Amino acid sequence: MKLTAEQIRSFHNSGFLAVAEPVLDGSELNRLIALYDRMFAEQAGRADGNQFDLAGPDSENEPARLSQILHPHRYFPELRGAYVDRLHSVAGQLLGPEAKTEIFHAILKPAGIGVRTPWHQDEAYWKPDRQYRSISIWIPLQIATEENGCLWFNDGSHEWEVLEHRSIGGDARVHGLELVDDSVIRHAVACPLPAGGFTIHRNRTAHYAGPNLTEAPRRALVVSSVLPDRPYPALRRFPWNEVKNTQRKMRAGGDAGSDHT
Ligand SMILES: O=C(O)CCC(=O)C(=O)O
């Protein structure tokens, strides 16, 4: 899969790119959907803190409204496939040959009850003492629309510092983060996609997805590609992660704080 010069230029200018040409064919899509639904039905990774409700207190008694599984291929290795190699070659065109590519997470907005993913920058989840250069490739396993929760990006926000975040709703039991002041979002672009199409965004690009208002689940798989991180050249703190007190962290034995969403 080769990006055009215009796509590469647009990605570097805007901090995101939507590619409508599917990276998955019909049989790969069907295979991945079957695995995906099994994985979420079994709550793969829950005991390790890798499956949780990103948008709520993640209690055992309530259905997750934004269910996430980090590193899902550790539980379902069959999730890997030739599409990861195809995406690695796309990532190489943006980050260069040193980039390493792997499935990163799966995120499910259930039919009807799936809530919004508030505006955030991925780097806000990570370790503040490291400097990152990475991309996330978000692939819907069905059509993604404004009604079921396609991604939106704020054009140019990859150039921002990491802005102040907090746990969603200011509730430290919630793993998911949101920008404290989302009035900075002035150039939001919705990116609807066909099944198997994909968006690409940088580690600081501010992004959002609306609630799932449809009768069908919104399934998305995320592959990430990273260059080696380096020490951050100044003292930096992300206090919103220091005060988090999540069930997933407890299940992981207290060590699940800086994982990516
Ligand atoms: O799928 C979503 O709702 C949000 C995904 C996201 O924030 C990400 O992959 O970085």
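1. In this predicted model, strands β8 (residues 151-154) and β13 (residues 207-209) run antiparallel and are joined by three bridges. One residue of β8, L151, has A209 in β13 as its bridge partner.

2. These two strands belong to an open sheet of four strands, in which the order is β5-β13-β8-β11 and the pairing is antiparallel. The edges are taken by β5 (117-120) and β11 (188-191), each of which has a single partner strand, so that one side of each is left without a neighbour in the sheet. On average, and with direction ignored, neighbouring strands of this sheet are turned by 20 degrees against each other.

3. Six aromatic pairs are found when the whole structure is searched. In one of them, the ring centres of F16 and F153 are 4.9 Å apart and the planes stand at 15 degrees, so this pair counts as stacked. Because F16 lies in strand β1 (residues 16-19) and F153 in strand β8, the pair ties together parts that are 137 residues apart in sequence. Both F16 and F153 are buried.

4. The rings of W152 and Y208 have their centres 6.4 Å apart and their planes at 75 degrees, so this pair is edge-to-face. The pair links W152 in strand β8 with Y208 in strand β13, parts of the chain that are 56 residues apart. W152 is partly exposed, with a relative accessible area of 22%, whereas Y208 is buried, with a value of 17%, and the cut-off for buried is under 20%. Together with W119, these residues, W152 and Y208, form one aromatic cluster.

5. A further ring contact involves a charge: the charged end of R236 sits over the ring of Y232, 3.8 Å from the centre of that ring.

Terms used. Residues numbered from 1 in each chain as written. Predicted model: local features only at pLDDT ≥ 70, side-chain atom pairs only at ≥ 80, totals over all residues. Heavy atoms only, no water. Pairing = 2+ DSSP bridges. Axes fitted to C-alpha atoms, helices over the stretch in contact; angles between N-to-C directions. Phe/Tyr/Trp six-rings, centres within 6.5 Å; stacked < 30°, edge-to-face > 60°. Buried < 20%, exposed > 50% of the residue type's maximum accessible area, 1.4 Å probe, protein only. Lys NZ or Arg CZ within 6 Å of the ring centre and 35° of its normal.
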